Amino acid sequence: MAELGSKGVTAGKIASNVQKKLTRAQEKVLQKLGKADETKDEQFEQCVQNFNKQLSEGTRLQKDLRTYLASVKAMHEASKKLTECLQEVYEPDWPGRDDTNKIAENNDLLWTDFHQKLVDQALLTMDTYLGQFPDIKSRIAKRGRKLVDYDSARHHFEALQTAKKKDETKIAKAEEELVKAQKVFEEMNVDLQEELPSLWNSRVGFYVNTFQSIAGLEENFHKEMSKLNQNLHDVLLGLDKQYSANAFPVKAQPSDSTPAKANKSPSPPPDGSPITSPETKTVNHELEPSTLEAPGASIPKSPSQSSLPAVVVETFPATVNGTVEGGASSERADMPPGFLFKVQAMHDYTATDSDELQLKAGDVVLVIPFENPEEQDEGWLMGVKESDWIQHKELDQCRGVFPENFTERVQ
């Protein structure tokens, strides 16, 4: 019997809920058709608009924060793989190996700590902030339903009062229902009228705290990471000094690329010929005025040939109608102005700038001085390819700079 009673109560509750839904639906239809007035509260509606805006902004911030954390984690993994690569290529007998291992370990710990603090101080705070919205959103919806119930009870009471045949019993019952509906609505309305403005005003402090936390964590992270990078730079600088002292001789391979002229030191060609010193370079291309004027004057030596014996050029006179002509002077006449000597490209060189020559192995280049000696960089020569000079005789259009250590002097 208890079970039947329980089922009867449940069925009665369901019937009551269905009746409420039907009454609310009927009331809304009448309000939309303009046959029943609707209770309006513009102040509350503004609070609801602010609530929806605040919820939308918070949800977007939470989504973007999760994306940011995913990016931090991805950067952590990429940085970890890069340091692991450095540890693999760093040979055991190289100085600073223990330091690089320690730096790699600290780098991994720093990324992990940064990510965890972002989760604790930003993401979890964000989740807590948004956690209060679902309950309030549900209460706003419930308030809306209770407002419809109140309007429906009010209209029903008014209809009974204005009826031609009044039934005092029904009027009393309708009034009782109206008072009850009004009380339930006003209790919910008062609570929300207090909470919604307070929640809206809290957004400023929350945004400030969240972004301050992120900015502070980023600042500390980059400071510590900068220290690690500086330590790694110092270790690699020490290794570079050892390498420069030939502690780790590595045979260079031919390449189409070479360092930019701005670093003042082009990479050596595959034959490993030494790069000349700046002092030798300066002396070579500051020619004395008499160099080209005096017959039989010696040709300046190329820096790349400073350790080789001097090249002696022997000329043979030519005869025209039995008369001997000066062959050397006629050969000079066919050369570009200021011609110094010839070199031959031993390796291909791909030009990386508009003022550079493109060389193929075997190309002969006529070396000429720089118009402004101060523009000459160490290890670079000015010249014109012999084939271009013979064909065009245009010095301005054909000349360019090239790395001396990719060539060998032939004359």
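Q: Buried means under 20% relative accessible area, exposed means over 50%, and partly exposed lies in between, with a 1.4 Å probe and protein chains only; why is D151 called buried?
A: The relative accessible area of D151 is 1%, which falls under the cut-off for buried, so D151 takes that name. This is a predicted model, in which local features need pLDDT of at least 70, side-chain atom pairs count only at pLDDT 80 or more, and totals for chains, interfaces and linings use all residues. Residues are numbered from 1 along each chain as its sequence is written, and side-chain values use heavy atoms, with hydrogens and water left out.

Q: How do you know that D151 makes a polar contact with R154?
A: A polar contact is a pair of N or O atoms within 3.5 Å, and within protein one atom must be able to donate a hydrogen and the other to accept it, while residues adjacent in sequence count only if both atoms are side-chain atoms. The side chains of D151 and R154 come to 3.0 Å, which is within the limit, so the pair is counted as a polar contact. D151 belongs to helix 4, residues 133-161, where a helix is a DSSP run of H or I with at least four residues, a strand is a run of E with at least two, and both are numbered from the N terminus.

Q: Ten aromatic pairs are found in the whole structure; what makes the pair of Y150 and F185 a stacked one?
A: The ring centres of Y150 and F185 are 6.1 Å apart and their planes lie at 10°. Rings of Phe, Tyr and Trp (its six-membered ring) pair if their centres lie within 6.5 Å, and planes under 30 degrees apart count as stacked, over 60 as edge-to-face and the rest as tilted; both values meet these rules, so the pair is called stacked. The pair links distant parts of the chain, since Y150 is in helix 4 and F185 in helix 5 (residues 168-244), 35 residues apart. Y150, at 15% relative accessibility, counts as buried, and F185, at 9%, is buried too. Elsewhere, ring pairs link F51, Y129, F133, F206 and Y207 into a cluster.

Q: Why is the charged end of R143 said to sit over the ring of F44?
A: A charge sits over a ring if NZ of Lys or CZ of Arg is within 6 Å of the ring centre and within 35 degrees of the ring normal. The charged end of R143 is 3.5 Å from the centre of the F44 ring, so the distance satisfies the rule. The charged end of R203 likewise sits over the ring of W200, 3.7 Å from its centre.

Q: How do you know what span to expect of helix 5, and where is its kink centred?
A: The expected span is 1.5 Å times one less than the number of residues; helix 5 has 77 residues, and its 110 Å from first C-alpha to last is close to the 114 Å expected. The kink in helix 5 is about 25° and is centred on R203, where the bend is the angle between axes fitted to the seven residues ending there and the seven starting there. At the start of helix 5, a side-chain oxygen of D167 reaches to within 3.1 Å of the backbone nitrogen of T169.

Q: Why is strand 4 described as largely enclosed by the rest of the structure?
A: Four of the five residues of strand 4 (residues 364-368) are buried, so the strand is largely enclosed. Strand 3 (residues 341-345) is mostly covered as well, with four of its five residues buried.

Q: What makes strand 3 and strand 4 a pair?
A: Two strands pair if DSSP finds at least two bridges between them; four bridges join strand 3 to strand 4, so the condition is met, and the two strands run antiparallel. Within this pairing, F341 stands opposite V367, and Q344 has V364 as its bridge partner. Strand 4 also pairs with strand 5 (residues 380-385) in the antiparallel sense over four bridges, and there V367 stands opposite G383.

Q: Why is K393 called partly exposed?
A: The relative accessibility of K393 is 43%, which lies between the cut-offs for buried and exposed, so K393 counts as partly exposed. K393 is in the loop between helix 8 (386-392) and helix 9 (395-398).
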